[in-house]
Amino acid sequence: MGKDKRTKKFAQVKRLLSLKDSRLKAKDRVKKKPKRKPNPENISVRELPQSSSAMYFNYNTQLGPPFHVIMDTNFINFSIKNKLDIVTSMMDCLYAKCIPYITDCVMAELEKLGRKYRIALKVAKDSRFHHLTCMHKGTYADDCIVKRVTESKCYIVATNDKDLKKRIRKIPGVPIMYIIQHRYSIERLPDAYGAPKM
């Protein structure tokens, strides 16, 4: 017996009757629904959050010397542990004048931490640091910092907190300063020549 030399037909599909076929009964024919024209009065308006005018060139134009740096609680603690002077280390990182800011929430958090962090509280009360007053209820510093940064994009956020970093990375045009290898580094700021290469 010889082999069948016909090639197999791949992806064969059952043939279907068209809806106009005379063999189909009237009840089996599915009627197509007429397309409705959209009513101009019922069209929903999509509202998107307005993007900042500072991000016009896909790079935050509001950032520039002197840099305004908002500090978080753990950034101050890590600076003390690594024996870094905050203002001079910031200047070494950015090669420009820096104005450190502390919110009332960060001060309240440092006061809540007790005697163990009294040195951090003493450092935070330094006259070189500008204090920002908070108008909201509660003393959760992370929410306060994120809200401030979304409202005005002229700040650099200094933190070592992973959760806060994740939240700030979602906001476009806000650089993050952190401590690595016993010195300050910065991400998302292309002109920071003093930051160590990763």
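The following questions and answers explain the terms applied to this predicted model.

Residues are numbered from 1 along each chain as its sequence is written. In this predicted model, local features need pLDDT of at least 70, side-chain atom pairs count only at pLDDT 80 or more, and totals for chains, interfaces and linings use all residues, while side-chain values use heavy atoms, with hydrogens and water left out.

Q: Why is Ser18 called partly exposed?
A: Buried means under 20% relative accessible area, exposed over 50%, and partly exposed in between (1.4 Å probe, protein chains only). Ser18 has a relative accessible area of 43%, so the residue is partly exposed. Ser18 is found in the segment before strand E1 (67-71); strands (E, at least two residues) and helices (H or I, at least four) are DSSP runs, numbered from the N terminus.

Q: What makes Lys170 exposed?
A: The relative accessible area of Lys170 is 71%, which is over 50%, so Lys170 counts as exposed. Lys170 is found in the loop between helix H6 (162-169) and strand E5 (176-180).

Q: Why are His182 and Arg188 placed in separate classes of exposure?
A: His182, at 59%, is over the 50% limit and therefore exposed. Arg188, at 33%, falls between 20% and 50% and is therefore partly exposed. His182 has a positive phi of about 60 degrees although it is not a glycine, and Arg188 has a positive phi of about 65 degrees, also without being a glycine.

Q: Why are the buried residues of helix H2 said to line one face?
A: In H2 (residues 86-94), Ile86, Val87, Ser89, Met90, Cys93 and Leu94 are buried. Seen down the axis of H2, these residues fall within an arc of 165 degrees, so they line one face of the helix. The arc is that of the directions from the helix axis to the C-beta atoms.

Q: Why is helix H1 called oblique to helix H3?
A: The axes of H1 (residues 73-81) and H3 (residues 104-112) come within 9 Å and cross at roughly 60 degrees. Axes are lines fitted to C-alpha atoms, for helices over the stretch in contact, and angles run from 0 to 180 degrees between N-to-C directions. Angles under 35 degrees count as roughly parallel, over 145 as roughly antiparallel, 65 to 115 as roughly perpendicular and the rest as oblique. The crossing of H1 and H3 belongs to the rest, so H1 is oblique to H3.

Q: Which residues of H1 and H3 meet?
A: Thr73, Ile76 and Asn77 in H1 meet Val106, Glu109 and Leu110 in H3, where contact means heavy atoms within 4.5 Å.
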